[in-house]
Amino acid sequence: MIGVGKIKQYSNVLDKPLSKGKQEVSLSAFAFLFSELVQYNQTQVDNIAELERRLEDAGYAVGARVLELLCHRDKGNRRETRLLGILSFVHSTVWKVLFGKVADSLEKGTEHEDEYMISEKELLVNRFISIPKDMGTFNCGAFVAGIVRGVLDGAGFPAVVTAHFVPVEGQQRPRTTILIKFAEEVLRREARWRIGRWGKWGKWAHCGCGGSSSSEQKALLQRVETDIANIVDNFSSLVNVSRVNDPPVRNSQEAFMMEMRAARMVQAADSLLKLVSELKQTAIFSGFASLNDHVEQRIVEFNQQAEKTDQMLARIGEEAAASLKELESHYYSSALRTSENLQP
């Protein structure tokens, strides 16, 4: 729809607000531009590794600018400071801004604690690319890997980011996986934050003992009760202030009270969401020890049940064999079998 109205003129492009504006660009235009980028860099290198490195460097510059724009536009110049937060930010917000949707999956590596994987069934930069046989395993996803590395480096999470093809059974084209391997300093910083933030909770999760002190539980419960009470009280006050009078009269003081009550409700709800997020991060990053103990305990229980089942099946088999042998001997010694043998 084309709006009719006066358009505000800006004397400098820097004065123009960073509004979201139009979110989509022409796919054909992007494909043409990216094809030219790949072909130009291909003429400047001698091998596939160098070509992927140049594409990654080009994506790195894009990622740094995307982070700066999104932090200014959506986060009030604040950036993520926790590992799970920045991964979720890349997987959802950055991916949606760049490709119009959230990434297909975000997984933690099973072999290394510092590895995470963002998988995409059909990555946009590989959708219209046909790779010649002489170029081997060349992956245009290196450009996206560079974008991810630029975002992570700009946010203070240095990492080595690479793009890989992963064959999928039943599909002609492989899946693209962006492998993120964080620097050791990131993991040390995350561990220090967990210990400093949760204190005894971190020690509890590390040893797998379970439980927490009563003072910590009381503090959490008090925090939840306070936030919920603030939401309820401010909502009641907001309803009372917004009640329609006869005749309807509104002044600036009532309008200010409504805005203040609404702002307090938002603050209380935001505090509850932060608490939930902190509990989730602690459960994910610090609960592996107790989880492993529980899994091992269940494995022992299942093994014991399997042994009992095998013994029961063996006993049933022996009893069935004995019963069949007894029936067989009874049949051959019966009068009916003897009379059949005597008949000519």
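These legends walk through several close-up views of a predicted model.

Residues are numbered from 1 along each chain as its sequence is written, and side-chain values use heavy atoms, with hydrogens and water left out. Because the model is predicted, local features need pLDDT of at least 70 and side-chain atom pairs count only at pLDDT 80 or more, while totals for chains, interfaces and linings use all residues.

**View A. Arg53 and Asp57 pair up within helix 2.** The two side chains meet in a salt bridge at 2.6 Å, N to O. A salt bridge here is a side-chain nitrogen of Lys or Arg within 4 Å of a carboxyl oxygen of Asp or Glu, and by this rule the count comes to 14. Arg53 and Asp57 are four residues apart in helix 2 (residues 48-74), so about one helical turn separates them. Helices (H or I, at least four residues) and strands (E, at least two) are DSSP runs, numbered from the N terminus. Arg53 is partly exposed at 38% relative accessible area, and Asp57 is partly exposed at 35%. For these labels, buried means under 20% relative accessible area, exposed means over 50%, and partly exposed lies in between (1.4 Å probe, protein chains only).

**View B. Arg149 and Asp153 form a salt bridge in helix 5.** The closest N and O atoms of this pair are 3.8 Å apart. Four residues lie from one partner to the other in helix 5 (residues 142-154), which means a separation of about one helical turn. Arg149 is buried, with 17% relative accessible area, whereas Asp153 is partly exposed at 25%. Look around this pair for the network of salt bridges that links Glu50, Arg53, Glu56, Asp57, Arg149 and Asp153.

**View C. Helix 5 packs against helix 2 and crosses helix 3.** The axes of helix 2 and helix 5 are 6 Å apart, at an angle of about 45°. That makes helix 2 oblique to helix 5. Helix 3 and helix 5 cross at roughly 130°, and their axes come within 11 Å; this pair is therefore oblique too. Axes are lines fitted to C-alpha atoms, for helices over the stretch in contact, and angles run from 0 to 180 degrees between N-to-C directions. Angles under 35 degrees count as roughly parallel, over 145 as roughly antiparallel, 65 to 115 as roughly perpendicular, and the rest as oblique.

**View D. Lys101 and Glu120 join a loop to a strand.** Their side chains meet in a salt bridge at 2.4 Å, N to O. Lys101 lies in the loop between helix 3 (83-99) and strand 1 (105-108), and Glu120 in strand 2 (residues 115-120), so the pair ties together parts that are 19 residues apart in sequence. Glu120 is buried at 5% relative accessible area, while Lys101 is partly exposed at 34%.

**View E. Ile178 sits buried in strand 4.** This strand covers residues 175-182, and Ile178 has a relative accessible area of 1%. Val161 is 17 residues away from Ile178 in sequence and 6.8 Å away in space, C-alpha to C-alpha.

**View F. Ile316 is in helix 10.** Helix 10 spans residues 288-332, and Ile316 is partly exposed there at 45% relative accessibility.
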